[in-house]
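Q: Could you take me through one helix of this model slowly, explaining which of its residues are hidden, which are open to the outside, and what lies around them?

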Amino acid sequence: FELFHMELSLHNTYQLTAIERGLIEGAVQRFRGRVKDGKFEEIRHDLSIGRRDAYWEEIILIDLRADTTELGDPISWNLFNCAQPQIDQGNTIYHLDYLTTFTAGERLESIILSRDPNDHMSLVSADIGLPEATQWRIAERDRHSEISKKFPREIFIPLPDRYLEIRY
């Protein structure tokens, strides 16, 4: 009778808490502002806190500059998926996938952030995905948007590495 919709999230999916969402949104906003303003030395410093490896920091910065040249500035972004957070040396690591609209079009963007015990967020990595990886995520986002319009109320039941979503 199409009274409700039930769906199991992707493997290794995590539903962020309100506090986590606020911290992550603030960190992503700072990162976006630095990229837009060309403040790559500030990004380098942030990477040095999060990653602690000069070789990979340089690779990430080279890729960020190339992506900015190729795709332009990010105009908008929506969180597509967050993997189950991991603990590393007392810090919580968040692997985030965004569908980001750039001047040159929409692409998958992966951002990894580290949260220390004092709730300070540091950038660990940022990368633009392949166009093929972007396409199925866009299709999935659009499909889920239609389901959300049809069934606007939701219940999330957390499971170990994913969640059950019930919409009605």
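A: What follows is a close look at helix H2 and its surroundings.

The model is a predicted one, and helix H2 runs over residues 40-50. The buried residues of this helix are Phe-40, Ile-43, Asp-46, Leu-47 and Gly-50. Seen down the axis of H2, these buried residues fall within an arc of 115°, so they line one face of the helix. To understand this spacing, it helps to recall that an α-helix has 3.6 residues a turn, so residues three or four places apart point the same way.

On the other side of H2, the picture is reversed, for Glu-41 and His-45 are exposed there. Glu-41 has a relative accessible area of 52%, and since residues count as exposed when this value is over 50%, Glu-41 falls in that class. The side chain of Glu-41 also takes part in a salt bridge with the side chain of Arg-44, with a distance of 3.3 Å from N to O. Both partners belong to helix H2 and stand 3 residues apart, which is about one turn of the helix. Arg-44, however, is partly exposed, its relative accessible area being 24%.

A similar arrangement can be found in helix H4, which covers residues 131-150. There Glu-140 forms a salt bridge with Arg-143, the closest N and O atoms being 2.5 Å apart, and these two residues, 3 apart in sequence, are likewise separated by about one helical turn. Glu-140 is partly exposed at 23% relative accessibility, and Arg-143 is partly exposed too, at 33%. This pair belongs to a network of salt bridges in which Glu-7 is linked with Glu-140 and Arg-143. In total, the structure holds 15 salt bridges.

Returning to the hidden face of H2, we can ask what covers its buried residues, and the cover includes helix H1 (18-36), helix H3 (54-71) and strand S6 (121-128). One of the buried residues of H2, Ile-43, is also listed among the residues with the most contacts inside the largest nonpolar core, together with Ile-24, Phe-31, Leu-64, Ile-111, Leu-113 and Leu-123. This core has 21 residues, and at least two of them are supplied by each of H1, H2, H3, strand S4 (91-102), strand S5 (105-115) and S6. The element that gives the most to the core is H1, with 5 residues.

Ile-111 shows in detail how one core residue is surrounded. Leaving aside its neighbours within four places in sequence, Ile-111 is in contact with Val-28, Phe-31, Arg-32, Tyr-94, His-95, Leu-96, Tyr-98, Leu-123, Ser-125 and Ala-126. Two of the names in this list, Phe-31 and Leu-123, also appear among the residues with the most contacts inside the core.

Finally, the chain beyond the helix deserves a glance, for H2 is followed by Arg-52, whose phi is positive, near 65°. Asp-119 has a positive phi near 65° as well, although this residue is not a glycine, and it lies in the loop between S5 and S6. Asp-119 is partly exposed, with a relative accessible area of 34%.

Taken together, H2 has one face lined by its buried residues, while Glu-41 and His-45 are exposed on the other side.

Terms used
Residues are numbered from 1 along each chain as its sequence is written. This is a predicted model: local features need pLDDT of at least 70, side-chain atom pairs count only at pLDDT 80 or more; totals for chains, interfaces and linings use all residues. Side-chain values use heavy atoms; hydrogens and water are left out. Buried means under 20% relative accessible area, exposed over 50%, partly exposed in between (1.4 Å probe, protein chains only). Helices (H or I, at least four residues) and strands (E, at least two) are DSSP runs, numbered from the N terminus. The arc is that of the directions from the helix axis to the C-beta atoms. Contact means heavy atoms within 4.5 Å. A nonpolar core is a set of buried Ala, Val, Leu, Ile, Met, Phe, Trp, Tyr and Cys residues joined through side-chain atoms within 4.5 Å. A salt bridge is a side-chain nitrogen of Lys or Arg within 4 Å of a carboxyl oxygen of Asp or Glu.
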